[in-house]
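Visitor: I should like to learn how to read burial, cores and ring contacts. May we take each idea in general and then in an example?

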Amino acid sequence: MKRNFLYKFFSRFMILYPGEEKTALLFFSYFFLITAPHTIVKSIRNASFLDTLGKDSLPYAYLLTALLTGLVVALHTSLQKRFSKYKLIQFSLFFFILTAVIFWSLFPYQYRWLPMVYWVWANLMVVVLMAHFWLTVNEVYNPREVKRLVGFFGSGGILGGIAGGGFTKFFAGAALSNHLLIFSSVLLGAGMLIVSGIFRQKTTPRNSKDETKPPPKNKSPAASIQPGWKTAFTSLKTNSYLTLLAVMITLSLIVSTLIDFQFNGIIEQSIQGRDNLTGFFGMFNAGLMLFAFALQLILTGPSFNRLGVKGMLVIYPLSLLVFSLGLVAFPVLITAILLKGSDKSLSYSINQSAREILYLPIPSSLKYQAKVVIDIFLNRIAKAAGAVLLIVLIHFNLNIRLISSVSAVFILGWIIVNLQVSREYIRMVKQTIKRKWHRAEKSVSDTLDMDYTKLIFDILESQKRSPALYAMFVYDLIQQGKMSPDVKRIIAQNTDEAKVSSLGDLFNSEGSSFSTETSFNAEELTTNIDEIMSLDDYQKVIDLHAEQLIRKDREADLEKMELAKIIGLMPPGSGLQAKLPFLIRDASPEVARFAMESAARIKNEDSILAIFECLENPLKREDAVSALAKFQDKAVDHLRPLIFDANVDPDARKAAISVLAGIGSPKAADALISLLPKTNAGLTSAVIDALDKIRSEKPDISFSPVKIQAKLLELIKIHYRMLIQKEEGGKANKLDRQDLKKSLSDSRSNIFKLMGLIYSHNDIMKAYQNIQAGTKKSAAYAFELLENTLQKELRSLIIPLVEEYPPEMRRKKYKQIINALE
Amino acid sequence: MNINIRKAGDISIFDIEGEIRRSEFMDSSLHDMVKDLLEEGNRKILLNLKNVDFIDSYGVGEILAGYISINNAGGQLKLAHISQKLSLVFQVTMLSKVFDIHDTEKDALDDFS
């Protein structure tokens, strides 16, 4: 496919998929066109306020803004119910253009109340336009796309800030600052065109659900997903994660208000005159935006890989803590600039990105409600709380140093909340995605007692073979206390009338008579048979019979099977158990099976070697695996030499590995782990699968990570080599391509299974299954789970392994990783 | 338990009546009786269990001990008229493969060589 210029250009700087370039550029422009006027409007706001009313009036401005924000949110909610998002956004942009023109016309009159009204208006404009921008981003892109593209959009916003600051400085320098508002209106007008373009792009198949249309008129407001006040606040109160988010954002805004006051206080002391102030703020805003842009380019994206959400959430308040303590020690202009600069630059770059990502695991309807309340209303309420705090602090004549100390205390609290939020975030991501399947063995064992089922089938089969064998199996069932009415019914359905009658009498677990006069129940019956089997004479007679049988050839198979079965039913210590190895080595797989089952049942260690030999016989292998597994750790020592011996038939070795998986004890796991570094390609999958089986059945079992990590790195390297081979294998035939595809699929499965041994098995399997077979959205959460679970070195190797890069990037990326690994 | 021994040619037939259990044997056991017969030179013995209501493990042990003694003496032991329930106990314990069991006394007698 021929790529267009835009795609080629942007894909050099970021991971961009074909077809995304247009929408991404539109969002970049949208953010640019609202951030540039935002920076201009804020510079005018600060300058006019400080010049006319002074810093001590600031808390009142914060409070008034908070009060009016409540009204704006109520109005916004009401409009949301009537209009589509598209119309609401366009209406808001038009409203702010119109009102900017009105302020432009009023500023020359220098009314004393105007800076206060303008302050409130400017703040409302900032929060409404920003909230609309992020709502649109969340609506158009899925979480993974947001995370991938947020750095690019953020750069648009930061560049807008730089441009806005530059324009402000330029207009102020030319004594034209009054016309900045007209210039802002022009930028917002261009923003309206861009929004129109975004919503036109949105009607692509991927986003076929057109939410630009208003809800049907006959739809009741309650049925609509649009938020109401009550639902929005209830969701905040009832969802602990949202409550934590609200607390985190409230604390950050209180701190931001305190910092804003400290900064403005020092500026007021240091710089005089409205044009000087406007010029300074313009320069300052442009400078901090440049810094933010650099941070965005350097940190956002890669920083998530290095730090994860936790690190991202802590880095911002930590730097504020350092500069706040700096201001306590040195309350001068440079410290104030550093504090405010780090506040705003990190807030626009890392913090904004991290905050948007924190909304990802929230269901979309709830997210929409929460974002409106948090981003618009709570934003101002928190500022108001900061304002009230400031009024109290000013009342007690606290100076900048003391206010900085108070601010540092709030920052500490904020860091603690952020750590809690990051923990909750990972929990939420884990909750959001579900396991798609479990190992077949586990699913079967959860619903079925395999030994019991096998016994029932053997009973039914034995009915056709011999009455003696049949009676032995039924007795076995009674001895194990498993002769339920259902089983009796199943058996009876397959038995002719005569047998039903006799067995019904004899094996009636509710009690039947062995004689007409004497009542007899199952317990009495088993005791009686046990006693018979314990008789020395019985043992002698059967031993003699066994000797004769073993010498016979295949015509005595049925009797040998009976003998094998009866030995398993005999009390412990019977000398007849010594016959089991002979029967296990019998040419008939059926005789061997019965003998192996009996040996396993009575844990006859003398039989282990004979069973072990059966691993090399394809006809006896499966039964040998099943029997050896029942010996548990006793079998492990016998199996060790076999699994390590490269001369042994690979199928027998694989069977031995299956036995260890079936045993599933720490000792068996240890044997498998020891084997891991020594496996060749053929056995690797078998060993890893065996370990995965153990881990899935016993999540508490712990594995030594050293050998696993070494194997993991080896497999990752091989996987990347195969990926490069796939990229380069244009001329490979169809069969080769299919082989490679299968090898890649197996290799990926092995890598995740190995990771499941050192990390939470359930989390890793959730991630694997949702990346393999989930929706685009669930795959995005799976990536999020991996990024917040894996250690950074492994994360940097695993994410590119599962990430679907655009074709142009793949080879380069894979080669980079191979080089790094070598 | 009552045991009557009768002869049919060179075959000794034990007609057992009642329950073959430990508490039923007073002076001499079934095995003792078999041994006595063997000492007298009788090597063909048929146990007629037509009127036996119950056999416990002790009873089976007696039959087994008798079987061994007869076999060691080069004789033959046959069983006739065993109940369905006893037949199933013998099947569970594999004794059905060891003992020579016949449905009727006549069948058993005909089978003696």
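Guide: We begin with accessibility: buried means under 20% relative accessible area, exposed over 50%, and partly exposed in between, with a 1.4 Å probe and protein chains only. A:Gly189 has a relative accessible area of 24%, so A:Gly189 is partly exposed. This is a predicted model, in which local features need pLDDT of at least 70, side-chain atom pairs count only at pLDDT 80 or more, and totals for chains, interfaces and linings use all residues. Residues are numbered from 1 along each chain as its sequence is written, chains are lettered from A and ligands numbered from 1 in the order in which they are written, and side-chain values use heavy atoms, with hydrogens and water left out.

Visitor: In which helix is the place of A:Gly189?

Guide: Helices are DSSP runs of H or I with at least four residues, numbered from the N terminus. A:Gly189 belongs to helix α7 (residues 180–201) of chain A.

Visitor: How is a nonpolar core recognised, and how many residues has the largest?

Guide: A nonpolar core is a set of buried Ala, Val, Leu, Ile, Met, Phe, Trp, Tyr and Cys residues joined through side-chain atoms within 4.5 Å. The largest one has 211 residues, and A:Leu615, A:Leu639 and B:Leu95 have the most contacts inside it. Helix α9 (residues 240–270) of chain A supplies the largest share of this core, 14 residues. A second, separate core of 54 residues includes A:Leu129, A:Val150, A:Leu188 and A:Val195.

Visitor: How should aromatic pairs be read, and how many are found over all chains?

Guide: Rings of Phe, Tyr and Trp (its six-membered ring) pair if their centres lie within 6.5 Å; planes under 30 degrees apart count as stacked, over 60 as edge-to-face and the rest as tilted. The whole structure holds 25 aromatic pairs. In one of them, the ring centres of A:Phe27 and A:Phe133 are 6.0 Å apart with planes at 75 degrees, so this pair is edge-to-face. A:Phe27 lies in helix α2 (residues 21–52) of chain A and A:Phe133 in helix α5 (residues 114–140) of chain A, so the pair ties together parts 106 residues apart in sequence.

Visitor: Are these two rings buried or exposed?

Guide: A:Phe27 is buried, at a relative accessible area of 0%, and A:Phe133 is buried at 0% as well. A tilted pair is formed by A:Tyr86 and A:Phe199, 5.2 Å centre to centre with 55 degrees between the planes.

Definitions and conventions:
Helices (H or I, at least four residues) and strands (E, at least two) are DSSP runs, numbered from the N terminus.
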